[in-house]
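Welcome to this tour! Please open your viewer and get ready to select a few residues with me.

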Amino acid sequence: MALFQAGQLQNVGYYPQWNVGIVAQFLDEFPVDAAIFSTVTSPDKEALALLQRRVPVFVPFNHSSHIPVKIGYDTPHTLGLDRIAAVVGASMQHPGVPVLIVDAGTCVTYDLLTADGTFAGGNIAPGIRLRLLAMHEHTGKLPLIGDEGEIPEIGFSTETAMRAGAILGVAYEIEGYIARLRENYPGLFVFLTGGDALKLAAKIKSRIFVDENLVLTGLNRILQENAKI
């Protein structure tokens, strides 16, 4: 949950579970005038009902919400709301230029915003932990390892080989997208966001801008568009 005031991010809270107690505690500490709610999973109905009761202006973000970018996707109803919010956040900060938004989380998404403000589409690939999990589950002997630890250029053990393969594989993949898209979109600006942004940024040599709160910034802009505040 994030708190904005006058368009500026003031506070971000991360919670292992989003429930009615967490929502009540947050609203007791931060009385708010308007809120937007977005999820890519099934929310806690009790917590959502409390949010709707306690906040004067409540906006549920969905595919019918008004957004300040054009959607060029063939199936906009299947487009992840988090991807839309990230593109909106990017369009606010760099209007009039092509932007690539790389969101590195469970999956890595690559989304392109053209200079005329159109969300052209994007690609989806497995994230770091998904790659590590797949190697363990779909082979006979590779262990299940975490993403924390040594990341050598060339692995010197099974564990470092798997970790470097997963993390550097994503980093090099990002580099490849940047290089190819900059050929077709001169002046391309690149945002890196998501939970693994900082881990990957250290491995990427291309010019990028890390913004871990790009989705939150976009959601606040969508709230302003729909609540007219």
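Is D196 buried or exposed? Select D196 and have a look: this residue is buried, with a relative accessible area of 4%. Keep in mind along the way that the model is predicted.

Now add R129 to your selection. The side chains of R129 and D196 meet in a salt bridge, 2.9 Å from N to O. This pair links distant parts of the chain, 67 residues apart: R129 sits in helix α4, and D196 in the loop between β9 (189-193) and α6 (197-201). Unlike its buried partner, R129 is partly exposed, at 41% relative accessible area. Next, select D147, E148 and K199 too, and you will see a network of salt bridges that links them with R129 and D196.

Stay with helix α4 and pick R131. Its partner in a salt bridge is E173, with the closest N and O atoms 3.0 Å apart. Because E173 lies in helix α5 and R131 in helix α4, the pair ties together parts that are 42 residues apart in sequence. R131 is buried (18%), while E173 is partly exposed (23%).

Zoom out to show both helices, α4 and α5 (residues 158-184). Their axes come within 9 Å and cross at roughly 140°, so the two helices are oblique to each other. The crossing is right-handed.

For a last stop, select L133, also in helix α4 (residues 128-137). L133 is partly exposed, with a relative accessible area of 32%. Add L130 and L144: together with L133 they form a nonpolar patch on the surface, with about 230 Å² of accessible area.

How values were computed: Residues numbered from 1 in each chain as written. Predicted model: local features only at pLDDT ≥ 70, side-chain atom pairs only at ≥ 80, totals over all residues. Heavy atoms only, no water. Patch = residues over 30% accessible without salt bridge, like charges linked within 9 Å, V, L, I, M, F, W, Y side chains within 5 Å. Areas by Shrake-Rupley, 256 points an atom, 1.4 Å probe, with all protein chains shown as cover. Salt bridge = Lys/Arg side-chain N within 4 Å of Asp/Glu carboxyl O. Helix = DSSP H or I, 4+ residues; strand = E, 2+ residues; numbered from the N terminus. Buried < 20%, exposed > 50% of the residue type's maximum accessible area, 1.4 Å probe, protein only. Axes fitted to C-alpha atoms, helices over the stretch in contact; angles between N-to-C directions. Parallel < 35°, antiparallel > 145°, perpendicular 65-115°, else oblique. Left-handed = near helix turned anticlockwise from the far one by under 90°.
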